[in-house]
Amino acid sequence: MNEIFIGKPVKSYLFFFGILLVGLLLIKISSKIISKLLFTFFKRFSKEIKIDKFLELVIKPIESLFAIVIIYIAINQLDYPLDVVVFKRIVNKIPYTITIIQVLDKVFLFLMIFSAFRILLRTIDFISHVFAYKASLTESKTDDQMVPFLRELSKIVAIVLGVFVVMGMVFNMNVATIIAGLGIGGLAIALAAQDTLQNLLGSFAIFADKPFVVGDLVRVEGFEGVVEKVGFRSSILRTLDKTLVVIPNKKMIDSPLENLTLRNLRRVKFIVNVLYNTPPATIKKISEEIAQFINQHEHTNADTLVTFDAFGESALNIQVLYFIEIVEYNVYMKIKEEFNYKVMEIVYRNGAEFAFPSRTVYHENKGISQGFSE
């Protein structure tokens, strides 16, 4: 066991392989135990959420962290070739050297910090999942909109913090000096990221003014769709064609925006064209029956207007104007269809016919006037 082999006792190599083997065999069990212990901390405010969701999010990053630690401990049982100098330089008459083990120390330190912050980000995802579930139980849509925004904000803060930790612990930089330098260069950064900052301020304005919330049907910049998400830079709309449209938050607050969900009525207006030979009494009766049917419907209000509107080029025009109190799009389309069928039934029942674009041409031949309709 004490026999020297390549500059190191045999027992060191046995320790190396033993730690590596045992650690990797126990990594899944250890990670699951740590994950369950960590879940007990969040269990007080997440009783409705099962542990499976938490394990799904954090167990892989914890396994990665354990694997990195185990490999690092195992490698430290060896010297050769870890003590080999890879860089040598004289600084101020003092020899300065870097060995393989020093490089590996920095690499493993970086990987450990990266894995730890990865666990933190997954924990933020779980907390957001819990709050999103609780927000779904309330009638207000504001909290549904706020949860994704705060999740992204927390992640950005965690990532910035992680970058500073890496700069300070891995690269031995003076973080305080760097932060002070950022204050001096803040103006240049603000000018370079002007559009991004405007969109960020736009997101805060959306949360403050609440012109819409997640789930509202809006029309902006020529697009009409349901708001699915409000992020730092942009908002995502799901159009009626089921496509996704990403609109910068600056445009969401600077452009005219119609919140179609907040309206309490949908207006429907169309023209019924009947033939010119339709008697006035018939037109009057058709108008009255259409108005009566619409006014008696449970989803319309009393502002229905059906009038003999104009003498068209090829038809007598009856204008129909009514308001539907249901704003859900699918219900709205079904009601329109019902009314259209009823209008056709009323017109035909009264002996009238729908007109179509036509023109009468008179052709004179040898003193005889002949009429042709087309």
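At what angle do the axes of helix α9 and helix α10 cross? In this predicted model, the axes of α9 (residues 280-296) and α10 (residues 329-349) cross at roughly 150° and come within 10 Å. Since angles over 145 degrees count as roughly antiparallel, α9 is therefore roughly antiparallel to α10. The crossing in which α9 passes α10 is right-handed.

The residues that make this contact can be named on both sides. From α9, Ile286, Glu289, Ile290, Phe293 and Ile294 take part, and they meet Glu338, Phe339, Lys342, Val343, Ile346, Val347 and Arg349 of α10. Sorted by class, the contact of α9 with α10 has eight nonpolar and four charged residues, and no polar ones.

A further helix pair is formed by α2 (residues 51-75) and α3 (residues 100-136), whose axes lie 9 Å apart and make an angle of about 170°. This pair is therefore also described as roughly antiparallel. Here α2 passes α3 in a left-handed crossing. The contact of α2 with α3 comprises 17 nonpolar, four polar and six charged residues.

The two helix pairs are set out below.

| Helix pair | Axis angle | Axis distance |
|---|---|---|
| α9 (residues 280-296) and α10 (residues 329-349) | roughly 150° | within 10 Å |
| α2 (residues 51-75) and α3 (residues 100-136) | about 170° | 9 Å |

The model also holds an open sheet of five strands, arranged in the order β8-β7-β6-β5-β9 with antiparallel pairing. Its edge strands, each of which pairs on one side only, are β8 (244-248) and β9 (257-259). On average, and with direction ignored, neighbouring strands of this sheet are turned by 40° against each other. In general, strands of a sheet pair through backbone hydrogen bonds.

Within this order, strand β5 (residues 217-220) runs antiparallel to strand β6 (residues 223-230), and four bridges join the two. Opposite Phe223 in β6 stands Val220.

Strand β12 (residues 316-324) contains Gln319. Is Gln319 buried or exposed? Its relative accessibility is 13%; because buried means under 20% relative accessible area, Gln319 counts as buried. Leaving aside residues up to four places away in sequence, Gln319 touches Lys269, Phe270 and Ile271, together with Leu305, Val306, Thr307 and Asp309.

Terms used
Residues numbered from 1 in each chain as written. Predicted model: local features only at pLDDT ≥ 70, side-chain atom pairs only at ≥ 80, totals over all residues. Heavy atoms only, no water. Axes fitted to C-alpha atoms, helices over the stretch in contact; angles between N-to-C directions. Parallel < 35°, antiparallel > 145°, perpendicular 65-115°, else oblique. Left-handed = near helix turned anticlockwise from the far one by under 90°. Contact = heavy atoms within 4.5 Å. Nonpolar A, V, L, I, M, F, W, Y, C, P; charged D, E, K, R; others polar. Pairing = 2+ DSSP bridges. Buried < 20%, exposed > 50% of the residue type's maximum accessible area, 1.4 Å probe, protein only.
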